[in-house]
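Colleague: I have this model open on my screen and would love a close look at a single part, the surroundings of the ligand. Could you walk me through that part and then show me how the rest of the chain is laid out around it?

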Amino acid sequence: MFRDQSIGFIGGGNMAEALIRGLISASLFSAERVFAFDVLYSRLEYLKKEFAIHGSKDIAELARSSSIIVLAVKPQSISDVLDTLSGHLLHKPLILSIAAGVALGTLEKRLPEKTAIVRVMPNAPALVQQAASALSRGRAVSQDQMEMSLALFRAVGKAVEIDEKLMNAVTGLSGSGPAYVLLMIEALIDSGVLMGLPRQAAKELVVQTVAGTCRLLETSGKHPAELRDVVTSPGGTTIHGLQVLESYSTRAAFMECVEAATKRSEELGKHQDAK
Ligand SMILES: NC(=O)c1ccc[n+]([C@@H]2O[C@H](COP(=O)([O-])OP(=O)(O)OC[C@H]3O[C@@H](n4cnc5c(N)ncnc54)[C@H](OP(=O)(O)O)[C@@H]3O)[C@@H](O)[C@H]2O)c1
């Protein structure tokens, strides 16, 4: 699929590093077909040394070398990048943007007409090749280009295509999701400590309980409620615990949490578009 393709990263931060690692270790790209440019010279030197990829001297050089360009700078830097990049796209590369909150419409307006652009929302577990990413296609993106984009993000985890109007919901759910899960994990560890378990043992038990439950859910293909029924015996310990969670409206709290994060993402997006 990626034969004859080369990929260039504008912005060589955490996300770019995670993607480069995933693409090279999944053998989707060899290092000589990967390019990067970062304003921070030391960052670029690090990436060149770590992955044996090419460092480009500027955005123009990177654009010329790449048939796929990933915009991996912070949203506040995207405007400057687009200004420079738009004059160097005659060869019609595919553009992937991971800048949070920057709409396809904004990117399409700022780049030449008919530029193929895919907007992506990955999340922090990309750093360990376990991202949950959602991708939305712009108007000029072909089916082949969309499949390539999904394959790229599947090298660092799972990836789904969604309509862009759901991007704020994705941001509130899987974008912010690692923080919700971490809060739950922290609370469970403290609960173990409250019951007298050593902290390290509590941490190991909780982390493995969460990881193992996710694996069970994935491999069984069952609904979470069905699996929960299996471990909830009549009058047993689990149902007594669950009764407390239900009395605190835990389910409603999660729904309100994701709703609040989605609304905040909408607000921040409006602010981005106004720039
Ligand atoms: N990290 C996450 O969990 C996550 C999740 C979802 C989406 N994202 C999105 O992914 C993007 C990258 O995030 P990140 O965590 O990788 O950020 P990061 O570590 O700060 O990386 C961005 C890199 O781009 C460099 N840069 C800034 N302006 C540039 C320019 N004009 N040309 C070239 N390089 C430039 C930055 O240098 P300086 O430090 O000198 O500015 C920095 O090294 C962001 O837009 C973010 O919204 C991140």
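Modeller: Happy to; what follows starts at the ligand and then moves outward to the sheet, the domains and one helix.

Please keep in mind that this is a predicted model. There are 27 residues around the ligand, and those that come nearest are Gly11, Gly13, Met15, Ser77 and Ala100. Two elements, α1 and α4 (78–85), each give two or more residues to this shell. Of the elements, α1 gives the most, with three residues. If you sort the shell by class, you will find 16 nonpolar, seven polar and four charged residues.

Since α1 matters for this view, let us follow that helix next. Helix α1 covers residues 14–25 and lies across three strands, β1 (7–10), β2 (34–37) and β4 (68–71). Relative to β2, helix α1 runs at about 170°.

Those three strands belong to an open sheet of eight strands with mixed pairing. Reading across the sheet, the order is β3-β2-β1-β4-β5-β6-β7-β8. The edges are β3 (54–55) and β8 (157–161); each has a single partner strand, so one side of each is left without a neighbour in the sheet. Elsewhere in the sheet, β6 (residues 117–121) and β7 (residues 131–137) run antiparallel and are joined by four bridges. For a landmark you can click on, take Arg119, whose bridge partner in β7 is Ser136.

Now zoom out to the whole chain. The protein chain is divided into domain 1 (7–167) and domain 2 (175–266). Their C-alpha centres lie 34 Å apart. Where the domains meet, five residues of domain 1 are in contact with four residues of domain 2. The domain 1 side of that contact has three nonpolar and two polar residues, and no charged ones.

Last comes helix α8, residues 177–194, which offers a neat check on geometry. How far apart should the ends of its 18 residues be, at 1.5 Å a residue? The expected span is 26 Å, and the end C-alpha atoms are 26 Å apart, which agrees. After α8 comes Gly196, which has a positive phi, near 100°.

Notes: Residues are numbered from 1 along each chain as its sequence is written. This is a predicted model: local features need pLDDT of at least 70, side-chain atom pairs count only at pLDDT 80 or more; totals for chains, interfaces and linings use all residues. The expected span of a helix is 1.5 Å times one less than its number of residues. Domain bounds come from an automatic or database domain assignment. Two residues are in contact if their C-beta atoms, placed from the backbone, lie within 7 Å. Ala, Val, Leu, Ile, Met, Phe, Trp, Tyr, Cys and Pro count as nonpolar, Asp, Glu, Lys and Arg as charged, and the others, Gly among them, as polar. Two strands pair if DSSP finds at least two bridges between them. Axes are lines fitted to C-alpha atoms, for helices over the stretch in contact, and angles run from 0 to 180 degrees between N-to-C directions. A residue is near a molecule or strand if its C-beta atom, placed from the backbone, lies within 6 Å of it.
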